[in-house]
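Visitor: Hi! Could you walk me through this one? I'd like to go through it piece by piece.
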Amino acid sequence: MAPIDVEVECDWVAIARRVQALSAEQVALGVVIRVAPGILPGAGATSSARPALAQVGNQSWTRNVLIVPRDGYGTVQIADVGVRFEQCARLSFFGFTSAGGFVLTRCVSFQIGWSRFDAMSITRGGRDIAFYELIVGFRRNSEDTGSLRPTETFEMSNISRYGCVFGPSVKPADSDAHCDTLQLEGTGTGPFGPFLSVDCVDYGSSNATELLHDRLISAEYQHCLVLGGQLPWRVYALQPGDYQGDPNAFAGGCQDVRVIDSVVAGPVGRMGFTRVENSQLSYAPVDSQQPTSGGGWTVDTGISNWSAEQIMALQDVPDYEPATLTRIWAW
């Protein structure tokens, strides 16, 4: 139990009012807001959608307000149409599920964890945003599973993931869309990065796994699996009518990418690797794909032939099904 532990109805207005009633002193002690079972509505997961929460929280607070389903993971769903959070700060959402996506616009010190969504996006700007054991994707859709797209002069900095799994988005066979699992696109002129992934698994989508724009300051992968080639379809099997993709592991032109204690399967393109330590690649790279500042790839061509069982054996869960998630995300 936190020093301040309260319950609210399954309603965005009720959540917002409870957060806004808190003082800085109360937040510093520790606050948990428990949401009664139900479905939280949404108006879409686009940057122009009406926000579910707007300007809720205070970035000057010294810690986050934790918001969770009262009765455990999955007992509060977010509408399939998805939600947008606009200029929210110092909020942590854990334990929610949705067949839709979420978008964050200009949020600060914002966290989402122990949750499953169809898609995610951070756009316009954002700072100090972290995801914990977030599962996203595994869907038939021609849009990217996850995207970071700063716009105008807004800053998008210090974005991190811990223990997350980002699955494929599979487009139809006749689609000309460019469909990536995680696209970091430098569409603005403000600071962009760094981006950090720790203990994460990314399965490639129809076109690529990670697309890192050359405006991104840096990206670092620690103890991660970046699985392109045919490996995504060993876990998420393609069906008739799906685009038969052979996704790159990396695409784009970021010039400071670091890979540590990780496995990468599939082409890495013209990515600017600066540091590679204790990491395996599924093919012999050309000289320009070796790191420029330290280390080097260990080649293991057998990675390309891993089975679903081999891939899952490297993880702490047997699958990503609801029963498994309910068991491991318990409080």
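Visitor: Which residues in helix α1 are buried?

Guide: Happy to help! This is a predicted model, in which local features need pLDDT of at least 70, side-chain atom pairs count only at pLDDT 80 or more, and totals for chains, interfaces and linings use all residues. Residues are numbered from 1 along each chain as its sequence is written, and side-chain values use heavy atoms, with hydrogens and water left out. In α1, which spans residues 12–20, the buried ones are Trp12, Ile15, Ala16 and Val19. Buried means under 20% relative accessible area, exposed over 50%, and partly exposed in between, with a 1.4 Å probe and protein chains only. Helices (H or I, at least four residues) and strands (E, at least two) are DSSP runs, numbered from the N terminus.

Visitor: Where do those four sit around the axis of α1?

Guide: Trp12, Ile15, Ala16 and Val19 lie on the same side of α1, because they cover an arc of only 95 degrees around the axis. The arc is taken from the directions from the helix axis to the C-beta atoms.

Visitor: Switching to the core: which residues touch the most other members?

Guide: Phe85 and Phe250 do, in the largest nonpolar core, which has 67 residues. Such a core is a set of buried Ala, Val, Leu, Ile, Met, Phe, Trp, Tyr and Cys residues joined through side-chain atoms within 4.5 Å.

Visitor: And what is Phe85 in contact with?

Guide: Leaving aside neighbours within four places in sequence, the contacts of Phe85 (heavy atoms within 4.5 Å) include Trp12, Leu53, Phe93 and Phe110. A second, separate core has 23 residues, among them Tyr73 and Phe138.

Visitor: Phe93 rings a bell. What stands opposite Phe93 in β10?

Guide: Ile112 does. Strands β8 (residues 89–94) and β10 (residues 101–117) pair in the parallel sense over five bridges. Two strands pair if DSSP finds at least two bridges between them. Strand β5 (residues 65–69) also runs parallel to β8, joined by three bridges, and Val65 has Leu91 as its bridge partner there.

Visitor: Is β8 covered or open?

Guide: Mostly covered: five of the six residues in β8 are buried.

Visitor: Last topic, cysteines. How many disulfides are there?

Guide: Zero, counting a disulfide as a pair of cysteine sulfur atoms within 2.5 Å. For Cys179, the nearest cysteine sulfur is that of Cys164, 19 Å away.

Visitor: Why is Cys200 not bonded to Cys164?

Guide: Because their sulfurs are 4.6 Å apart, too far for a bond. Cys200 itself is buried, at 2% relative accessibility.
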